[in-house]
Amino acid sequence: MAWPSNVVLAALVTSLALHHGGAQPQPGGPTTDRPAAGPGHKSQQQWYMDSLPKNVTEFLDNCTDHMSVDCATEVISAMLLRRDVSDVCCGDLVLMGIECHSSLVKLFIHSPDQKANAPLIIANSQRVFDYCTVVDRKRRYPTEVGF
């Protein structure tokens, strides 16, 4: 299977690598029987992405089509580091939908480097989506009572 064509999935993989500074697993940390990434070798993230069923990557490619790399990175940072998400990116996230968001979160927490962060990512992903739902509603319906 080829690398994902969608920018959001590419940003997810890039964020996984950047979150860990591109470093290989440390002694005593997660291990793999795969060779270290380098010329002619795949990283753990590449192995993981390549192992996903085609229907999963196609669904994610389609449901994330409109989101930019910048917004994908912003949302991922919000889940990992509790950073803010801009109004524009919140709108993109809400438009993407909860099913797509939840699928991306599942992909993220099952990646080799993020399993230990799963509880944090799950909690923050719901917080981010709920926050973005409110922000997007305020942006679309500014005169609605209660906002």
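Student: Among contacts in the protein chain between residues at least 6 apart in sequence, what share joins residues at least 24 apart?

Tutor: The model is a predicted one. Take the contacts in the protein chain between residues at least 6 apart in sequence, and ask which of them join residues at least 24 apart. That share is 75%.

Student: Which pattern does the protein chain follow along the sequence?

Tutor: The chain has 7 helices and 0 strands. Read along the sequence, its pattern is therefore written with helix symbols alone: α-α-α-α-α-α-α.

Student: How much of the protein chain counts as buried?

Tutor: A residue counts as buried when its relative accessible area is under 20%. The protein chain has 147 residues, and the buried share of them is 38%.

Student: What part of the exposed area do carbon and sulfur atoms supply?

Tutor: The protein chain exposes about 8,400 Å². Of this area, the part supplied by carbon and sulfur atoms is 57%.

Student: Are helix H4 and helix H6 parallel or oblique to each other?

Tutor: Two packed helices are described by the angle between their axes and the distance between the axes. For H4 (residues 69-81) and H6 (residues 98-109), the axes are 13 Å apart and the angle is about 60°. That angle makes the arrangement of H4 to H6 oblique.

Student: Is the crossing of H4 and H6 left-handed or right-handed, and which residues make the contact?

Tutor: The crossing in which H4 passes H6 is right-handed. From H4, the contact is made by Ile76, Met79 and Leu80. From H6 come His101, Val105 and Phe108.

Student: How many residues in the contact of H4 with H6 are nonpolar?

Tutor: Sorted by class, the contact of H4 with H6 has no charged residues and 1 polar residue. The number of nonpolar residues is 5.

Student: Is Leu80 buried or exposed, and how far is its C-alpha atom from that of Leu120?

Tutor: Leu80 is in helix H4. Its relative accessibility is 11%, under the 20% cut-off, so Leu80 counts as buried. Leu80 and Leu120 are 40 residues apart along the chain. The separation of their C-alpha atoms is 7.3 Å.

Student: Where is Ser68, and is this residue buried or partly exposed?

Tutor: Ser68 is found in the loop between helix H3 (54-63) and H4. Its relative accessibility is 31%, which lies between the cut-offs of 20% and 50%, so Ser68 counts as partly exposed.

Student: What is the distance in space between Ser68 and Asp92?

Tutor: In sequence, Ser68 and Asp92 are 24 residues apart. In space, from C-alpha to C-alpha, the distance is 8.6 Å.

Terms used. Residues are numbered from 1 along each chain as its sequence is written. This is a predicted model: local features need pLDDT of at least 70, side-chain atom pairs count only at pLDDT 80 or more; totals for chains, interfaces and linings use all residues. Side-chain values use heavy atoms; hydrogens and water are left out. Axes are lines fitted to C-alpha atoms, for helices over the stretch in contact, and angles run from 0 to 180 degrees between N-to-C directions. Helices (H or I, at least four residues) and strands (E, at least two) are DSSP runs, numbered from the N terminus. Angles under 35 degrees count as roughly parallel, over 145 as roughly antiparallel, 65 to 115 as roughly perpendicular and the rest as oblique. A crossing is left-handed if the near helix is turned anticlockwise from the far one by less than a right angle, and right-handed if clockwise. Contact means heavy atoms within 4.5 Å. Ala, Val, Leu, Ile, Met, Phe, Trp, Tyr, Cys and Pro count as nonpolar, Asp, Glu, Lys and Arg as charged, and the others, Gly among them, as polar. Buried means under 20% relative accessible area, exposed over 50%, partly exposed in between (1.4 Å probe, protein chains only). Accessible areas come from the Shrake-Rupley method with a 1.4 Å probe; for residues, only the protein chains shown count as cover.
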